[in-house]
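Work through the exercises below with the sequence and the model open. Try each task before reading its solution.

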Amino acid sequence: MATTQAREEGKLVKRDKEMVPTILVRAMFILCLCVLLIVTYARLTDRPLEATPPPVSEVPVVQERVIRIFGQMDGSARVLDGDGNVITSLSAEEGGFVAGIYRVLERERGAVGLNASEPIRLVRFSDGRIGVRDDYTDFRAELVGFGADNEAVFARLLEE
């Protein structure tokens, strides 16, 4: 019985060594150390942030439209202009992202006691980016981060 148990323990030790090779553990440690050194160097030398877009306050707005969004849980959405005229009605297949923005507005505005269907600003900046701005809650979204198709839906809203 003791020899059987010793053999099983030996197999477990061998298996554990095979599951995570020592070279892999060392490589991960070296990688973490390299990242730490690079970050430390960047902080100590005050390297500028290079992969960030310019602050929105520095980029002028070239086009702006006030819209109202009404979204449904099935993904359909209806978008109105500032005067209440229908710009577009999107089916569940087309309007999922727009309805998602409505749900975000619903959550943000609900926290301050406002209705989600209050107007928001849809803006195009001089560098081509499109964003959504909510003056009631300071919510802002740069739509380029959600993919070209989703950004194109809002670009069409600016043109219609």
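The model is predicted.

**Exercise 1. How many bridges join β4 to β5, and in which sense do these strands run?**

Solution. Step 1: β4 is joined to β5 by four bridges, and the two strands run antiparallel. Step 2: to find the register, look at R121, which stands opposite R133 in β5. Step 3: follow the chain from one strand into the other; β4 and β5 form a hairpin with four residues between them. In that turn, G128 has a positive phi of about 95°.

**Exercise 2. Find what pairs with β1.**

Solution. Step 1: β1 pairs with β4 over six bridges, again in the antiparallel sense. V61 stands opposite F125 in β4. Step 2: β1 (residues 61-71) also pairs with β2 (residues 77-81), antiparallel, over five bridges. Here G71 is the residue opposite A77 in β2.

**Exercise 3. Assemble the sheet and state which strands stand at its edges.**

Solution. Step 1: the order is β3-β2-β1-β4-β5-β6, an open sheet of six strands with antiparallel pairing. Pairing of this kind, like the parallel kind, goes through backbone hydrogen bonds. Step 2: the edge strands are β3 (86-90) and β6 (140-142). Each has a single partner strand, so one of its sides has no neighbour in the sheet. Step 3: from one strand to the next, the twist averages 25°.

**Exercise 4. Which strands does each of the helices α3 and α4 touch?**

Solution. Step 1: helix α3 (residues 96-111) packs on the sheet and touches β1, β2, β3 and β4 (120-125). The direction of α3 makes about 85° with that of β1. Step 2: helix α4 (residues 148-159) also packs on the sheet, in contact with β1, β2, β3, β4 and β5 (130-133). For α4, the angle with the direction of β1 is about 105°. Step 3: turn to burial in β4, where five of the six residues are buried, so this strand is largely enclosed by the rest of the structure.

**Exercise 5. How many disulfides does the structure hold?**

Solution. Step 1: the cut-off is a pair of cysteine sulfur atoms within 2.5 Å. Step 2: for C32, the nearest cysteine sulfur is that of C34, 9.4 Å away, and C32 is in no disulfide. Step 3: C34 is likewise in no disulfide, its nearest cysteine sulfur being that of C32. Step 4: the count for the structure is zero. Step 5: as to accessibility, C32 counts as exposed because its relative accessibility is 52%, whereas C34, at 39%, counts as partly exposed.

Terms used: Residues numbered from 1 in each chain as written. Predicted model: local features only at pLDDT ≥ 70, side-chain atom pairs only at ≥ 80, totals over all residues. Heavy atoms only, no water. Buried < 20%, exposed > 50% of the residue type's maximum accessible area, 1.4 Å probe, protein only. Pairing = 2+ DSSP bridges. Axes fitted to C-alpha atoms, helices over the stretch in contact; angles between N-to-C directions. Contact = heavy atoms within 4.5 Å.
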